[in-house]
Amino acid sequence: MTSTSNRSKITPEREQEFYDAVLDQLRQCGYEALTMEGVAARTRCSKSTLYRQWKTKPQFVAAALRANRCVRFAGIDTGSLAGDLREAARAAGEQSGRDTMLVQALSHAVLQDADLQRVLRETLVEPELQAMAAIIRRGVERGEIAEGHPAVEFLSVQLFGVLRARPILEGAYADEEYVTRFVEACVLPALGLT
């Protein structure tokens, strides 16, 4: 990422406009089709302005991901593990269309680019995993599930997997209602919760 002094001519609002354009183009066209030219046209600026600030496409995407980081599971604490997991399902389903499109767009590229993979994990994956671990830890501390319960290892994979798989398998995003039903039917029983 470039230093702040190099970006001093761009207002935070303008910078966010660039980031939004990057993420929108990613969702619409995929990583491979994302171009500085496309972002420049959408934001009505010159390519040189973008290249001065972000030298490469991966740097630009990384900056956009960092600037738009939003941890869906952070702050969830209903007082029970089942309640927290239901709330996590609602939070995941609420943004599933936009988030799933973004992850799908980046999924191939992150296998080819280690730096992009690191940034994706750092900005989108790790914060959610940490928030989910906190939810589980509170459930263990309250005695709702045993520490080391075998289903816990697969919990995040199940939630993230249903978000990614449903569009492919059923042609629809895993919205709030779907993810909540999934948690009720599959996740809670696997944990021995009702």
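**Helix contacts and salt bridges in the predicted model**

Setting aside neighbours within four places in sequence, T123 makes contact with L65, R66 and R69. T123 itself belongs to helix α7, which spans residues 114-141. With a relative accessible area of 2%, T123 is buried, because burial is assigned under 20%. One of its contact partners, R66, is by contrast partly exposed, at a relative accessible area of 28%. R66 also takes part in a salt bridge, its side chain meeting that of E122 at 3.1 Å from N to O. This pair links distant parts of the chain, since R66 sits in helix α4 and E122 in helix α7, 56 residues apart. E122 counts as partly exposed too, with 30% relative accessibility.

These details come from a predicted model, so a word on confidence is welcome here. The mean pLDDT of the protein chain is 89, and 96% of its residues reach 70 or more. Over residues 1-7, however, the pLDDT is below 50, and this stretch has 10 contacts in the model beyond near neighbours in sequence. Where pLDDT is low, the predicted coordinates should not be read in detail. Among the elements of the chain, helix α9 (residues 176-191) has the highest mean pLDDT, at 97. The lowest mean among the elements, 83, belongs to helix α6 (residues 96-112).

Attention may now turn to an annotated segment. An unreviewed UniProt entry places the feature "DNA-binding region" at residues 35-54. In the model, the chain over residues 35-54 is 75% helix and 0% strand. The C-alpha atoms at the two ends of this segment are 12 Å apart. W54 is found in the loop between α3 (47-53) and α4 (57-67). Is W54 buried or exposed? Its relative accessible area is 1%, so W54 is buried. Between W54 and M36, which are 18 residues apart along the chain, the C-alpha separation is 9.7 Å.

How many salt bridges does the structure hold? There are 18 of them, and the R66 and E122 pair described above is one example. Another is formed by E17 and R14, whose closest N and O atoms are 3.0 Å apart. Because E17 and R14 are 3 residues apart in helix α1 (residues 12-29), about one helical turn separates them. Both ends of this bridge have some solvent accessibility: E17 counts as partly exposed at 37%, and R14 is partly exposed with a relative accessible area of 23%.

A further bridge brings together the side chains of R86 and E184, at 2.3 Å from N to O. R86 lies in helix α5 (residues 81-94) and E184 in helix α9, so this pair ties together parts that are 98 residues apart in sequence. R86 is partly exposed, with a relative accessible area of 21%, and E184 is likewise partly exposed, at 34% relative accessibility. Finally, D77, D84, R138, R142 and E144 are joined into one network by salt bridges that share partners.

Methods
Residues numbered from 1 in each chain as written. Predicted model: local features only at pLDDT ≥ 70, side-chain atom pairs only at ≥ 80, totals over all residues. Heavy atoms only, no water. pLDDT = per-residue confidence, 0-100. Helix = DSSP H or I, 4+ residues; strand = E, 2+ residues; numbered from the N terminus. Contact = heavy atoms within 4.5 Å. UniProt positions renumbered as here; feature names shortened; annotations may be inferred. Buried < 20%, exposed > 50% of the residue type's maximum accessible area, 1.4 Å probe, protein only. Salt bridge = Lys/Arg side-chain N within 4 Å of Asp/Glu carboxyl O.
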